Amino acid sequence: MQSLKVIPITLFACFLLAACEKTAPLAPEESALLDGPLEGLTPEENQRFLNGDIAFNDEIFTAATGLGPVFVATSCGTCHAGDGKGHPFTSLTRFGQRDETGNQFLHLGGPQLQHRALPGFAPEQLPAGATFSKLLPPANTGLGFLELVPDAALLALADPDDLDEDGISGRPNWVALPNYLSPRSDAVSQDGKYIGRFGKKAAVYDLLQQTVNAYNQDIGITSTFEPFDAYSGETMDPEVSNQTIHDVVFYLRTLKAPIPREVDRTEVSTGKTLFEQIGCAKCHVPTLQTGPSTIAALSGRVFFPYTDLLLHDMGPGLDDGYTEGSATTSEWRTPPLWGLGLSKNSQGGQYFLLHDGRAHSIEAAILLHGGEGSQSREAYEQLTEQEKNQLITFLESL
Ligand SMILES: [Ca+2]
Ligand SMILES: [Ca+2]
Ligand SMILES: [Ca+2]
């Protein structure tokens with residue numbers, strides 16, 4: 001939000017004085033912010049972005065506007081401040097069981113724990129026997145680009161049986177679609193399931209599903225899409241309009257991609273070469289391309305997210321016993337690394353990396369790579385101190 005208020009003033013000052021950096025010392029550099037709109041939107045599209053931005057950041061729900069009765073937070077922006085990564089205080093808990101037979105706790109309030117409640121209602125508690133994951137809010141950035149990568153491109157990156165024997169076997173999370181979603185026009189399906197791509201375990205199909213679930217499960221807000229009350233399971237009148245849902249989806253779609261910084265430093269380019277040499281880029285795929293979109297600024301664009309959006313088995317250290325869709329307990333979707341260097345800004349000046357924020361530095365995150373990530377972690381450990389610093393400087397520039 002802040003950027004939206006500041007940028008037009010900055011632009012105005014530039015226009016008047018033609019010496020932007022010097023005259024607007026209070027405005028943060030555009031490349032230090034995650035929450036602005038994509039460049040190249042039409043005025044109409046910018047307006048929809050703003051509508052979505054207001055609903056996402058400024059609409060705080062109360063009992064009178066439908067909050068709860070059980071909930072985790074009162075607005076999207078509480079957990080996704082500035083659209084940057086969240087802090088352990090804003091994490092979500094999901095519960096279920098170890099095997100992949102589908103969540104057996106759905107009738108007991110699963111998959112998400114609503115640990116807060118309105119007066120007179122009991123906050124939810126973990127049912128006996130459930131396993132759980134703590135999930136940190138990711139940065140919401142460049143999501144419209146990720147949504148538009150054709151299924152075929154993701155399948156081309158997958159190697160479920162590791163046929164090329166490089167120790168890496170990324171695979172899609174095949175998920176069942178809720179009845180309000182229709183498959184994308186280029187969709188590939190398998191046994192009636194489709195490729196999920198959002199969420200830490202890639203169990204969410206698209207930004208509409210993510211938004212509908214978040215209203216329902218995080219804030220206790222029903223919609224025509226998901227009319228079931230998270231507390232009673234009963235069908236309720238919608239507490240958020242379809243228009244608002246679509247505006248929020250539009251906002252998420254048209255958030256800009258992070259802008260890399262310090263790209264001219266030699267440490268950064270050397271670090272990037274090392275990143276590729278030691279196999280990080282096999283999962284954190286640097287370059288992807290969008291398919292066609294009705295939003296011209298997103299259509300047929302090459303972009304640099306550093307993810308393959310696929311699931312990888314990251315070994316026992318990162319296994320927390322919780323499955324989602326067809327993802328096993330130790331499988332996680334490769335997180336995009338774009339914006340990584342800006343994470344601290346929204347995390348109180350300190351890094352909280354990996355799905356639950358347990359890694360407090362970039363190096364700690366690398367050293368926790370097991371399973372399919374073991375080989376490149378070992379290759380990292382073999383680097384000289386100087387090379388490690390170059391690699392990390394590169395990652396901080398993203
Ligand atoms: Ca409600
Ligand atoms: Ca629940
Ligand atoms: Ca392979």
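## Notebook: helix packing, cores, a small sheet and backbone oddities

I began with two helices and noted that H3 and H8 are roughly perpendicular to each other. This is a predicted model, and I read every value below with that in mind. The angle behind the first remark is about 105° between helix H3 (residues 43-57) and helix H8 (residues 242-253), whose axes lie 7 Å apart; because angles of 65 to 115 degrees count as roughly perpendicular, I kept that description. I then listed who makes the contact: Arg48, Phe49, Asn51, Gly52, Asp53, Ala55 and Phe56 come from H3, and they meet Thr244, Asp247, Val248, Phe250 and Tyr251 of H8.

**Another helix pair**

I next turned to helix H9 (residues 266-277) and helix H12 (residues 385-397), whose axes come within 7 Å and cross at roughly 100°, so H9 and H12 are also roughly perpendicular to each other. On the H9 side I wrote down Glu267, Val268, Thr270, Gly271, Lys272, Leu274 and Phe275, and on the H12 side Glu387, Gln390, Leu391, Thr393, Phe394 and Ser397.

**Nonpolar cores**

Which residues have the most contacts inside the largest nonpolar core? I found Ile219, Val248, Val249, Tyr251, Leu252 and Leu395, in a core of 78 residues. I then asked where this core lies with respect to domain 2 and domain 3. It lies between them, because domain 2 (37-140 + 204-253) and domain 3 (143-192 + 256-397) both give residues to it. Apart from this core there is another one, of five residues, and I noted Leu113, Ala130, Phe132 and Tyr322 among them.

Val248 and Tyr251 are listed among the core residues with the most contacts, and both also appear on the H8 side of the contact with H3. For Val249, leaving out residues up to four places away in sequence, I recorded contacts with Leu207, Leu208 and Thr211.

**The three-stranded sheet**

I followed an open sheet of three strands in the order S5-S7-S6, with antiparallel pairing. Its edge strands are S5 (173-175) and S6 (189-190), each of which pairs on one side only. S5 is joined to strand S7 (residues 193-196) over three bridges in the antiparallel sense; within this pairing I noted that Asn173 has Gly196 as its bridge partner and that Val175 stands opposite Tyr194. On the other pairing, S6 and S7 run antiparallel over two bridges, and here Ser189 stands opposite Tyr194. Tyr194 therefore went into my notes twice, once facing Val175 and once facing Ser189. S6 and S7 form a hairpin with two residues between them, and in the turn Asp191 has a positive phi of about 50°.

**Backbone exceptions**

I kept a separate list here because most residues other than glycine have a negative phi, and most peptide bonds are trans. Which residues does the cis peptide bond with omega of about 15° join? It joins Gly68 and Pro69, and I placed Pro69 in the loop between H3 and strand S1 (70-71). Gly110 and Pro111 are likewise joined by a cis peptide bond, with omega of about 0°, and Pro111 lies in the loop between strand S2 (92-96) and strand S3 (116-117).

Turning to positive phi, I found Ala202 with a value near 55°, in the loop between S7 and helix H7 (207-219). Is Ala202 buried or exposed? With 27 C-beta neighbours inside 10 Å, it counts as buried. Tyr306, which is not a glycine, has a positive phi of about 60° and sits in the loop between strand S9 (302-303) and strand S10 (311-313); Tyr306 counts as buried because it has 22 C-beta neighbours inside 10 Å.

**Arg116**

My last entry concerns Arg116, which I located in strand S3. With 17 C-beta neighbours inside 10 Å, Arg116 counts as partly exposed, because a residue needs 20 or more to be buried and 12 or fewer to be exposed. Leaving out residues up to four places away in sequence, I noted that Arg116 touches Val70, Phe71, Val72 and Pro123. I also looked up its separation from Ile219: the two C-alpha atoms are 9.8 Å apart, although the residues are 103 apart along the chain. Ile219 is one of the residues with the most contacts inside the largest nonpolar core.

Notes
Residues are numbered from 1 along each chain as its sequence is written. Chains are lettered from A and ligands numbered from 1 in the order in which they are written. This is a predicted model: local features need pLDDT of at least 70, side-chain atom pairs count only at pLDDT 80 or more; totals for chains, interfaces and linings use all residues. A nonpolar core is a set of buried Ala, Val, Leu, Ile, Met, Phe, Trp, Tyr and Cys residues joined through C-beta atoms within 7 Å. Domain bounds come from an automatic or database domain assignment. Two residues are in contact if their C-beta atoms, placed from the backbone, lie within 7 Å. Two strands pair if DSSP finds at least two bridges between them. Helices (H or I, at least four residues) and strands (E, at least two) are DSSP runs, numbered from the N terminus. Axes are lines fitted to C-alpha atoms, for helices over the stretch in contact, and angles run from 0 to 180 degrees between N-to-C directions. Angles under 35 degrees count as roughly parallel, over 145 as roughly antiparallel, 65 to 115 as roughly perpendicular and the rest as oblique.
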